[in-house]
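Me: I'm new to this one and would like a close look at a single part. Pick a piece, go through it slowly, and then tell me what sits around it.

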Amino acid sequence: MPLVTIDEQPLEVEPGTLIIQAADRLGIEVPRFCYHPDLRPEGNCRMCLVEVKGYPRLAVACATPVVDGMIVSTPHTSALAQGAVRGVLEFLLVNHPLDCPICDQAGECSLQDFYMHPHYGLHSSEVDPSEKVRKRKAIDLGPRVVLDSERCVMCSRCVRFSAEVSGASELQFVQRGNHVELKAFEDRALADPYAGNLVDICPVGALTSKDFRFKCRVWHLEHTDSICAGCSTGCNLRIDHYRGEIQRLVPRRNPAVNRSWLCDEGRLSYRALSAAPRLTQPRVRHDGTHDDVDWEEALAAADQGLHAARTVGRPTAVAALASTSATNEALLLFKRYVASTFVAPLLDCRFGQEDRWVEEREDALLRRRDKHPNTRGAMLLDLAETPDGGLRQMLARAREGAIDAALLLYYPPLVRQEDPATLEALAALLHAVPFSVVLTTHEGAWCRGASVVLPVAAWSEEVGTYTNYAGVVQRVGQALAPPGAARSAVQVLGDLLARAGRARASTAPGALFAELVATVPTYAGLAYESLVSRAADVYPPEGRMAYGQEGFAGH
Amino acid sequence: MARRDLPVVNVTAVAEDAENPVTEAGGTLAGLEVTLRRMVRSLRGKDNVTIQYPEQRKPYSRRFRGVHVLTQRADGSLKCVACYLCETACPAECITIEAAEVPDNGIEKVASRYEIDLSRCIFCGFCVDACPEEALIMSREYDLTTDDRDGQMAYGIARLTERPEIDAYGAGYRPHMQYPLVESYLPTQRRQESAAETGPGT
């Protein structure tokens with residue numbers, strides 16, 4: 001294997017590794033605009049120039065593969081490379097407008113970060129602001145993206161993403177030199193369902209998000225790593241929130257699942273959380289109307305009603321249906337509660353055809369037909385065993401009068417609307433069953449027939465794990481507190497288990513996951529703590545935000 | 001100095017002298033000399049230290065850090081583009097900003113809500129230092145007492161931009177006081193300039 005020495009640090013790498021990748025692995029920062037690990041290298045921004053011993057001129061680290069014995073010096077150790085990189089950055093800033101106060105990229109902008117680094121920037125500009133070449137600003141590129149040509153550094157990441165990854169091929173450069181400009185053909189709206197990624201990969205403020213536009217300054221954001229709940233692919237994302245509100249979702253790099261990408265539907269899925277009013281208080285039905293009650297009363301009512309159904313003792317007289325949008329931990333407790341409390345219950349996880357659609361692709365990149373994040377996890381817990389079980393079967397049995405009680409755990413989908421037929425079937429089931437307990441997040445007409453409604457935490461409000469279509473187990477993060485009196489499904493089910501006389505299960509996520517590993521053979525060997533070990537794959541590499549601080553410290 | 005050169009003091013005589021009422025009163029009066037002199041002068045109406053506030057007021061420094069002012073452009077629009085630097089710099093976290101889009105003025109962004117909660121403000125002036133465009137400066141207004149803490153202490157865009165007190169007290173601290181304001185106006189100043197431009201009679 002080739003041995004490369006970068007800034008006097010040796011590293012052995014696989015043949016074909018680029019210098020910039022080797023440097024990233026060593027934790028040596030090589031500045032870059034055009035390089036992106038999930039796009040083909042182009043080498044056009046010249047920001048990653050390094051000195052290679054024996055080479056007649058500087059080499060671009062992002063397009064030069066390592067050869068054995070190579071000795072590389074980055075701008076941190078080579079005066080030659082540093083001078084070149086400084087020059088490149090100064091040229092890139094020649095026509096850059098003084099827009100930072102109104103630019104959404106400010107705070108996470110490569111130009112700002114590199115300029116503040118004592119090795120690349122901090123020059124005083126030779127260009128009078130009135131001499132800068134002015135270009136078009138605030139160009140509307142459809143529902144997701146706003147283009148500002150002046151701020152562009154022509155790195156072509158967006159052009160390559162559009163051509164190589166999403167295949168939409170909607171962007172191109174026109175003109176030359178000072179006047180080169182990024183354009184969509186005739187400024188048409190981008191039809192790419194992955195257009196949001198253009199904003200993420202743009203290293204400057206040329207492409208900004210319409211959804212996030214002027215909403216919040218990025219330095220105020222708090223970050224929580226999580227998994228998208230929009231479909232069974234389970235893309236890794238980061239929840240950016242501020243003062244208890246989600247401001248945006250951005251992808252995290254995971255080469256095994258979503259690389260660096262996220263579809264627009266997933267990116268905007270957080271809007272669904274506030275699309276309908278949330279349930280904030282447990283409700284119990286008295287004489288046909290729902291009354292707000294406290295948890296004690298609601299749990300007692302739920303326990304009593306379900307207990308009555310249990311003592312009737314007819315087999316398969318209890319229908320228990322848990323959504324595959326629930327975490328593995330909630331599903332485990334749900335299954336344990338139902339299986340240990342009732343005689344041969346109808347236990348299932350299918351509201352529609354989740355198990356058939358779980359692997360079915362919607363497009364060539366990420367999206368899948370099953371809009372639930374944890375269908376595979378539910379299937380591994382044997383919640384979809386019978387070939388034709390699920391909501392429709394339960395409804396048929398209930399109409400025959402064979403069901404005494406129902407327990408539902410339901411989450412509205414975050415992507416697209418729920419199938420109206422499913423909601424109708426749910427409402428019909430609740431009307432046909434004498435006693436029913438519903439655990440759900442949002443208010444809805446369908447749950448008016450429920451005897452007890454328990455408000456539970458929605459996505460982004462609880463921790464746990466999802467298992468994606470391919471069986472990859474990933475941790476979900478909690479960014480916000482559940483609204484009002486709502487509690488996590490795990491906590492509610494733990495309380496119900498305790499009331500049913502079962503040993504109170506530990507509802508700590510790590511403890512529940514250990515039980516899950518013991519229950520599901522496929523999970524053997526997994527540990528809760530190590531499920532987030534992919535930090536090394538996060539792009540940009542960890543520690544990049546230190547640029548500004550380093551620059552200030554040098555003064 | 002050698003020990004034998006020290007003067008000999010008769011302690012008993014000194015103690016007796018101190019108990020003499022005349023000497024005692026003299027010492028007290030000597031101690032009150034400054035106080036008495038000031039008293040007589042002020043009784044005669046010369047250099048009074050106290051003033052009849054609020055009827056009388058003292059002039060404050062040009063750099064006084066009083067209640068904030070949001071400056072305007074020549075056309076009367078708000079200079080602030082909601083860059084949030086003041087909010088970020090504020091140690092008391094008393095500034096609340098919401099930004100909105102302006103499609104047609106070439107500046108794109110404007111503050112649709114700008115609120116300073118003066119009951120939390122510590123008047124440190126960091127917000128004014130942080131403002132890159134002198135869109136926020138301070139005035140010399142210092143008395144902002146109110147009997148309605150909840151309703152009156154949060155100053156919104158309207159009160160921060162135009163209120164009679166701005167003219168009454170005048171502009172206060174801003175970081176580059178040695179230079180005049182550039183394309184930033186206080187309300188009256190702006191009206192005077194636009195009146196001068198249009199000329200009398202129009």
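Reply: What follows starts with one helix and then moves outward.

First, a word on what you're looking at: this is a predicted model, in which local features need pLDDT of at least 70 and side-chain atom pairs count only at pLDDT 80 or more, while totals for chains, interfaces and linings use all residues. Residues are numbered from 1 along each chain as its sequence is written, and chains are lettered from A and ligands numbered from 1 in the order in which they are written.

The piece I've picked is helix α2 of chain A, residues 79–92. (Helices are DSSP runs of H or I with at least four residues, strands are runs of E with at least two, and both are numbered from the N terminus.) How far should 14 residues reach at 1.5 Å a residue? The expected span is 20 Å, and the end C-alpha atoms of α2(A) are 20 Å apart, so the two agree. (That expected span is 1.5 Å times one less than the number of residues.)

Now for its two sides. The buried residues in α2(A) are A:A81, A:V85, A:L89 and A:L92. (Buried means 20 or more other C-beta atoms within 10 Å of a residue's own, exposed means 12 or fewer, and partly exposed is in between, with C-beta atoms placed from the backbone.) Looking down the axis of α2(A), these buried residues fall within an arc of 65°, so they line one face of the helix. (The arc is taken over the directions from the helix axis to the C-beta atoms.) Turned away from that buried side, the other face carries A:A79 and A:F91, which are exposed.

And what lies over the buried side? The cover on the buried residues of α2(A) includes strands β3 (49–52) and β5 (70–73) along with helix α3 (110–115), each from chain A.

Stepping back, α2(A) spans residues 79–92, and domain 1 of chain A runs over 3–92. After that come domain 2 (98–214) and domain 3 (283–532). (These bounds come from an automatic or database domain assignment.) The C-alpha centres of domain 1 and domain 3 of chain A are 52 Å apart. The C-alpha trace of chain A spans about 90 × 50 × 40 Å along its principal axes, and its secondary structure comes to 15 helices and 22 strands. Of its 555 residues, 49% are buried. Take the contacts in chain A between residues at least 6 apart in sequence: 68% of them join residues at least 24 apart. (Two residues are in contact if their C-beta atoms, placed from the backbone, lie within 7 Å.)

What about the inside? The largest nonpolar core has 155 residues, and those touching the most other members are A:C48, A:V50, A:A61, A:L429, A:A489 and A:L493. Helix α8 (residues 328–341) of chain A gives this core its largest share, seven residues. (A nonpolar core is a set of buried Ala, Val, Leu, Ile, Met, Phe, Trp, Tyr and Cys residues joined through C-beta atoms within 7 Å.) Leaving out residues up to four places away in sequence, A:L429 touches A:L391, A:M394, A:L395, A:A398 and A:A406. There is also a second, separate core of 31 residues, including A:C103, B:L70, B:L85 and B:Y173.

That brings in chain B, where eleven residues are in contact with seven residues of chain A. On the chain A side, the touching residues are five nonpolar, no polar and two charged. (Ala, Val, Leu, Ile, Met, Phe, Trp, Tyr, Cys and Pro count as nonpolar, Asp, Glu, Lys and Arg as charged, and the others, Gly among them, as polar.) Chain B itself has domain 1 (19–49) and domain 2 (68–198), with 51 Å between their C-alpha centres.

For contrast with α2(A), try helix α9 of chain B, residues 187–198. None of the twelve residues of α9(B) is buried, so this helix lies largely in the open. B:E193 is part of helix α9 of chain B, and B:E193 is exposed, with 12 other C-beta atoms within 10 Å.

One last backbone detail: A:S156 has a positive phi of about 70° without being a glycine. Most residues other than glycine have a negative phi. A:S156 sits in the loop between β7 (145–147) and α4 (157–165) of chain A, and A:S156 is buried, with 21 other C-beta atoms within 10 Å.
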